[in-house]
Amino acid sequence: MSAVIDTHGHAHDHHGGYGGVMRWITTTNHKDIGTLYLWFSFIMFMVGGVMALAIRLELFSPGIQFFNPDLFNQFTTMHGLIMVFGAIMPAFVGFANWQIPMMIGAPDMAFARLNNWSFWLLPFAASLLVISFFTPGGAPGVGWTLYAPLTVQMGVGMDLTIFAVHLLGMSSILGSINIITTILNMRAPGMNLMRMPLFCWTWLITAYLLVAAMPVLAGAVTMSLTDRHFGTSFFNAAGGGDPVLYQHIFWFFGHPEVYIIALPAFGVVSQVIPAFSRKPLFGYASMVYATSAIAILSFIVWAHHMYTVGMPVQGQLFFMYATTLIAIPTGVKVFNWVATMWQGSLTFETPMLFAIGFLFLFTLGGFTGLVLSLVPIDIQLHDTYYVVAHFHYVMVAGALFAAFAGIYFWLPKWTGRMYDETLGKWHFWLTMIFFNITFFVQHFLGLAGMPRRIPDYPLMFESWNKVSSIGAFGFGLAQLLFLYVVLKAIRSGAKAPERPWEGADSLEWTHLPTPVPYHTFETPPVLK
Ligand code: CU
């Protein structure tokens with residue numbers, strides 16, 4: 001149809017009613033919404049990444065070079081909030097939107113319009129976080145955990161951050177309700193729960209975690225809000241409250257949050273490894289039970305983040321033993337992934353490289369987590385760079401590597417086009433190498449006693465900080481290559497064959513007991 005020129009001289013396209021921007025604002029299509037989530041996530045990844053580079057720039061040398069300590073703390077805070085809530089979580093919700101309906105044979109998500117709203121809450125939340133930098137006093141430089149009583153002293157940027165957390169929580173809860181309802185009610189005939197691709201299982205369990213944990217975070221920040229403005233003293237010792245109460249409430253959310261991020265990553269890896277091993281996933285049922293066990297245990301370990309607050313030894317022992325228990329179901333998973341590859345006809349395209357990278361580095365992050373779970377060691381390492389190194393192995397080499405594996409794996413399915421395999425492999429190796437240059441050395445800094453969240457440090461820490469900063473900039477540049485690879489694939493990639501991965505595709509090797517062909521579910525039965 002022809003374009004219409006309005007009185008301002010703008011051309012309006014009238015292809016089928018909604019063209020351009022309006023399509024994306026009003027879409028209820030799960031694939032569109034999945035795409036929106038993924039691009040939003042990438043933009044936030046860039047914003048949070050720029051803050052990470054600002055941090056590493058300042059830490060390149062001892063002394064204060066570029067940013068005053070207050071602004072430095074604002075960067076560390078917003079880097080954490082933006083990466084966790086803006087980059088990683090939306091990326092996996094994007095995967096869920098794209099894949100779950102297709103994997104279970106549903107026409108769309110159960111609540112298609114709610115799905116639209118879940119997404120469109122996010123840009124407003126992200127805007128609040130970014131705007132807080134430009135308020136009097138700036139963004140709250142209190143750390144992503146928003147600990148009381150620091151939060152009481154902050155300016156209006158703190159309120160914007162609290163409202164942002166409310167919106168992010170609403171988005172996650174609504175999205176989770178949608179995912180649970182879709183999986184429980186909209187599976188195609190014959191697609192019983194124990195035949196679902198494991199990615200659906202990990203998201204089903206994650207969605208329950210979100211519904212249980214996000215309101216707790218919302219409660220914690222709301223209590224901070226009323227402490228700030230409405231005369232309550234939940235976390236104020238002078239009024240009979242207790243700042244440590246905030247930490248208990250926060251980490252009751254915060255530890256399950258680790259698995260909210262990790263479980264969907266496990267799900268992606270559990271699709272990718274079987275496909276490139278040309279074997280069914282080893283131990284499917286045990287994977288489901290291990291994922292459930294991790295989810296349940298994640299609710300009884302929260303105080304391992306707070307060993308140093310002065311809790312009784314009995315409390316420390318309980319949380320230590322409960323935490324070390326999580327190593328068992330996690331070990332089951334790692335064993336199953338390795339057993340899936342065992343004697344498979346392996347090939348090492350980019351998705352598989354990222355999945356194997358995940359396997360090595362996430363397991364390392366798990367081991368340092370085990371180290372930190374031990375009270376006597378944690379008391380030494382608490383608030384040092386060892387902790388920073390540990391959770392970046394979980395968040396970056398865990399979640400981000402799995403997200404890259406998923407994107408390269410499903411991009412041909414999503415866009416109909418292949419990415420450049422050579423450049424994809426370059427992206428993997430640069431990411432792998434620079435990730436370790438950045439973060440492995442931070443273990444040494446932490447063991448030597450360098451505290452986190454400081455813009456300055458003694459001379460003895462200089463060399464490893466220089467190495468880490470160089471690694472960070474290399475890592476950042478490598479992600480521009482990723483953007484180029486994706487854009488090149490979308491614009492001019494070769495047409496993707498129906499089965500890009502030499503006879504294996506994302507579903508065929510993951511169904512039990514008999515594989516259900518992917519194309520059975522490719523075209524939604526109704527509501528195109
Ligand atoms: Cu934890």
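The following exercises, each with a worked solution, concern a predicted model.

**Exercise 1. The copper site**

Identify the residues and atoms that coordinate the copper ion, give the spacing of these residues in sequence, and classify H304 and H305 by accessibility.

Solution.
Step 1. The copper ion is coordinated by three atoms: ND1 of H255, NE2 of H304 and NE2 of H305. The distances run from 1.8 to 2.0 Å.
Step 2. Along the chain, the donor residues follow the pattern H-x48-H-H.
Step 3. H304 has a relative accessibility of 10% and therefore counts as buried, since the limit for that class is under 20%.
Step 4. H305, at 22%, counts as partly exposed.

**Exercise 2. The packing of α8 and α9**

Determine how helix α8 is oriented relative to helix α9, and describe the residues that form their contact.

Solution.
Step 1. Helix α8 spans residues 243–277 and helix α9 spans residues 284–297. Their axes lie 11 Å apart, at an angle of about 170 degrees.
Step 2. Angles over 145 degrees count as roughly antiparallel, so α8 is roughly antiparallel to α9.
Step 3. On the α8 side, the contact is made by Y259, L263, F266 and S270; on the α9 side, by M287, T291, I294 and A295.
Step 4. Sorted by character, the contact residues comprise six nonpolar and two polar residues, with no charged ones.

**Exercise 3. Salt bridges**

State how many salt bridges the whole structure contains, then analyse the pairs formed by D32, D159 and D420.

Solution.
Step 1. The principle is that side chains of opposite charge can pair when their charged atoms come close.
Step 2. A search of the whole structure yields five salt bridges.
Step 3. D32 pairs with R23, with 2.6 Å between the closest N and O atoms. D32 is buried, at a relative accessible area of 11%, whereas R23 is partly exposed, at 38%.
Step 4. D159 pairs with R228, and here the closest N and O atoms are 2.9 Å apart. This pair links distant parts of the chain: D159 belongs to helix α6 (residues 156–185) and R228 to helix α7 (residues 198–229), 69 residues apart. D159 is buried at 8%, and R228 counts as buried at 15%.
Step 5. The side chains of D420 and K488 meet in a salt bridge with an N to O distance of 2.8 Å. This pair, too, links distant parts of the chain, 68 residues apart: D420 is in the loop between α14 (385–415) and α15 (421–447), and K488 is in helix α16 (residues 462–492). D420 counts as partly exposed at 25%, and K488 counts as partly exposed at 30%.

**Exercise 4. Backbone features in loops**

Locate the cis peptide bond next to P149, and describe the backbone and surroundings of Q343 and R453.

Solution.
Step 1. The cis peptide bond joins A148 and P149, with omega at about 0 degrees. P149 lies in the loop between α4 (112–131) and α5 (150–153).
Step 2. Q343 has a phi near 60 degrees, a positive value in a residue other than glycine. Q343 is placed in the loop between α11 and α12 (350–373). Its relative accessible area is 73%, which means that Q343 is exposed, the threshold being over 50%.
Step 3. R453 also has a positive phi, near 60 degrees, and is likewise not a glycine. R453 is located in the loop between α15 and α16. With 29% relative accessibility, R453 counts as partly exposed.

**Exercise 5. Two helix residues, V165 and F335**

For V165 and F335, establish the helix, the accessibility class and a C-alpha separation from a residue elsewhere in the chain.

Solution.
Step 1. V165 is part of helix α6. At 5% relative accessibility, V165 counts as buried.
Step 2. Leaving aside residues up to four places away in sequence, V165 touches L146, L217 and V221. The C-alpha atom of V165 is 9.6 Å from that of T222, although 57 residues along the chain separate the two.
Step 3. F335 is part of helix α11 (residues 327–341). At 54% relative accessibility, F335 counts as exposed.
Step 4. The C-alpha atoms of F335 and G283 are 9.2 Å apart, with the two residues 52 apart along the chain.

Notes:
Residues numbered from 1 in each chain as written. Predicted model: local features only at pLDDT ≥ 70, side-chain atom pairs only at ≥ 80, totals over all residues. Heavy atoms only, no water. Donors = N, O, S within 2.8 Å, 3.2 Å for Na, K, Ca; no water. Buried < 20%, exposed > 50% of the residue type's maximum accessible area, 1.4 Å probe, protein only. Helix = DSSP H or I, 4+ residues; strand = E, 2+ residues; numbered from the N terminus. Axes fitted to C-alpha atoms, helices over the stretch in contact; angles between N-to-C directions. Parallel < 35°, antiparallel > 145°, perpendicular 65-115°, else oblique. Contact = heavy atoms within 4.5 Å. Nonpolar A, V, L, I, M, F, W, Y, C, P; charged D, E, K, R; others polar. Salt bridge = Lys/Arg side-chain N within 4 Å of Asp/Glu carboxyl O.
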